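Me: Hey, can you walk me through this protein? I'm new to reading structures, so keep it simple.
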Amino acid sequence: MAQSTETTDWVSRFADEVIEESERRAPGKPVVVASGLSPSGPIHLGNLREVMTPHLVADEIRRRGHRVRHLISWDDYDRYRKVPAGVEGVDETWAEHIGKPLTSVPAPKGSPYPSWAEHFKATMVDSLAELGVEFDGISQTEQYTSGAYREQILHAIRHRGDIDAILDQYRTRKAPAKKQQKAVDEAELEAAEGSGAAAEDDGSTGSAGYFPYKPYCGNCEKDLTTVTVYDDDSTELTYACTACGFSETVRLSEFNRGKLVWKVDWPMRWAYEGVIFEPSGVDHSSPGSSFQVGGQIVGIFGGKQPIGPMYAFVGISGMAKMSSSRGGVPTPADALKIMEPQLLRWLYARRRPNQSFKVAFDQEIQRLYDEWDRLDAKVAEGTALPGDIAAHSRAVGTASGALPTTPRPLPYRTLASVADITGGHTDQALRILSDFDPAHPLASLDEARPRYDKAEAWITLHVPADQRTIVRTEPDETLLKSLDEQGRQSLRLLLDGLADHWSLDGLTHHVYGVPKVQAGFPADATPKELPAEIKTAQRSFFALLYHLLVGRDTGPRLPTLLLAVGQERVRRLLGE
């Protein structure tokens, strides 16, 4: 029997390799792992894999007592490529900024942040803090404009012929046909999309020959420039802007308003930072991609390519198909509104980087929470498999300590049902939830938070209005009068035992027991002891209760619904 993906602890294996490689390359120095994110728009859940993969490995290395740095390079000096659709506070006038650095583009209207880059970076920083991700952030705008990379830029230009020769090996190759990929679900978010890694720019050839560097125009700030003259001895560079016609001559040894093209910039940073581990998206597995080419270019800068797995798509269920070039793309902040950080961490920790998985915004989130709670219980009992224990440990905390948790983690589907039925009335929610376990009632709704708040947000944000539960205000007299003797008897049996079974477990036993008792069996008879028609009778009984309580064929689990409606109202709606 093949080993399940959940029992494979990929994090430990990578940590072993990274520690060994770091000791070989840079003995005595902190282990360096890296991620790159471009705040060109909403940073989505696919991009989060770019961070979570090295974070989990870095955290495992830190747990073992090694010093480690997790760098996140904010590619905020990238060019603004296009206006993403559907971003609030943004209209077609933002197209005039295409070609400028992201830090020179205005933030969406109403934003408290000074630039486009800072606006989208801030949300991701908040989400990473909630997820317990420790990192050293590096602004590429600050690096380039401060002159930090000046020597690296001059070195690249001195060796531009070597760089051009490497790139030329791939320019004439026909791109391989794309393999058909099975959709993960309603949406696939390519993890590298929207990051600097997706730009794939390798420079341009003009009257000055191949040049791996792009100046930003001194007049319009755009990168629609061409280097026309360059002198290696003086480093004097003349460029012309095709956008506004501006031209100037600068001394590159003093000039800080430009950047290396992406396919050169990335390997330069590997060498500059001494990166040992950095993953890359599926688009980098093909010949000529920036990760593949970077592996050869990095040697020009005296460095080595990092160890790094290719990571696969992250799927989304419960939202329309989307990409980061469109509005509405789900971000980590969107996910954290409806799920606790532990669950989101677990989704990334339990699958190897090359395996696709999905983040649920639909009813599937309830099943995922059930699965998580079962794992939590198995870990507490000591019956979980080793790989599952490792994934659980990585989800609930980091080397710095445990993440905040819900004191009384009641089932997510139960909390969602209560939030749905009560419509935001916290006093009613507390009353219902206290009835679930009368021997240990909740003293405050805070005991069920933040999980309760996440479930309430899911109901509010992602459950369509026509699927919400609305309890009847008056009995359905027509339906009650139309019942035959068996129907009336089933309601009488339920109502007679209501008070004695008023708890979640009690009502579960009672509701399922009514059809058994009607058929002459004990209420606690097991399925093996019952004829098949009992299940049919149970379904009919449940459908009757749903119609009388909420006017539909289905709804929240009946024990939860009964507790939510309350004894007095249940009796009235069932015709007592």
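Reply: Sure. One term before we start: helices and strands here are DSSP runs, numbered from the N terminus. For instance, T235 lies in the loop between β8 and β9 (236–241). Also keep in mind that this is a predicted model.

Me: Okay, and what's up with T235? What is its phi like?
Reply: T235 has a positive phi of about 65°, although it is not a glycine.

Me: Is T235 buried or exposed?
Reply: T235 counts as buried, because its relative accessibility is 9% and the cut-off for buried is under 20%.

Me: Which other residue that is not a glycine has a positive phi?
Reply: E221 is one of them, with a phi of about 70°. E221 sits in the loop between β7 (213–215) and β8 (225–230). With 34% relative accessibility, E221 counts as partly exposed.

Me: Let's zoom out. How many helices and strands are in the chain?
Reply: The protein chain has 21 helices and 17 strands. Its C-alpha trace spans about 100 × 50 × 45 Å along the principal axes.

Me: And how much of the chain is buried?
Reply: Of the 576 residues, 52% are buried. The chain exposes about 25,100 Å², and carbon and sulfur atoms supply 49% of that.

Me: What about contacts between residues far apart in sequence?
Reply: Take the contacts between residues at least 6 apart in sequence: 72% of them join residues at least 24 apart.

Me: Which residues have the most contacts inside the largest nonpolar core?
Reply: Those are L45, L48, M339, L344, Y348 and V359, in a core of 101 residues. A second, separate core has 30 residues, including Y216, F255, V264 and V293. In soluble globular proteins, nonpolar side chains tend to be buried together.

Me: L344 and Y348 look like they're in a helix. How many residues of helix α10 are buried?
Reply: In helix α10 (residues 341–349), 9 of the 9 residues are buried, so the helix is largely enclosed by the rest of the structure. L344 and Y348 are among them, and so are Q342 and R345.

Me: Can we look at one buried residue up close? Where is V511?
Reply: V511 is in helix α18 (residues 504–518). It counts as buried because its relative accessible area is 1%.

Me: Which residues is V511 in contact with, leaving aside its neighbours within four places in sequence?
Reply: V511 is in contact with L494, F541, F542, L558 and L562. Take F541: V511 and F541 are 30 residues apart in sequence, and their C-alpha atoms are 9.0 Å apart.

Me: Now charges. How many positive and negative side chains are there?
Reply: There are 65 positive and 80 negative ones, and the centres of the two sets lie 3 Å apart. Side chains of opposite charge can pair when their charged atoms come close. The count of salt bridges comes to 37.

Me: Show me one. What does D265 pair with?
Reply: D265 forms a salt bridge with R269, and their closest N and O atoms are 2.5 Å apart. Both lie in helix α7 (residues 262–273), 4 residues apart, which is about one turn of the helix. D265 and R269 are both buried.

Me: Why would residues three or four places apart point the same way?
Reply: An α-helix has 3.6 residues a turn, so residues with that spacing point the same way.

Me: Got another pair in a helix?
Reply: Yes, R488 and E485 form a salt bridge, with the closest N and O atoms 3.4 Å apart. They lie 3 residues apart in helix α17 (residues 485–496). R488 is partly exposed at 40% relative accessibility, while E485 counts as exposed at 53%.

Me: Which residues are linked in a network of salt bridges?
Reply: D9, D16, E60, R64 and R394 are linked that way.

Me: Last thing: which residues does a cis peptide bond join?
Reply: A cis peptide bond joins R449 and P450, with omega about 10°. P450 is in the loop between α14 (426–436) and α15 (451–462). R449 also meets D453 in a salt bridge, at 2.9 Å from N to O. R449 is partly exposed, with a relative accessible area of 25%, and D453 is partly exposed too, at 29%.

Key. Residues are numbered from 1 along each chain as its sequence is written. Side-chain values use heavy atoms; hydrogens and water are left out. Helices (H or I, at least four residues) and strands (E, at least two) are DSSP runs, numbered from the N terminus. Buried means under 20% relative accessible area, exposed over 50%, partly exposed in between (1.4 Å probe, protein chains only). Contact means heavy atoms within 4.5 Å. Accessible areas come from the Shrake-Rupley method with a 1.4 Å probe; for residues, only the protein chains shown count as cover. Lys and Arg count as positive and Asp and Glu as negative; His and the chain ends are not counted. The place of a charge is taken as NZ of Lys, CZ of Arg, CG of Asp or CD of Glu. A salt bridge is a side-chain nitrogen of Lys or Arg within 4 Å of a carboxyl oxygen of Asp or Glu. A nonpolar core is a set of buried Ala, Val, Leu, Ile, Met, Phe, Trp, Tyr and Cys residues joined through side-chain atoms within 4.5 Å.
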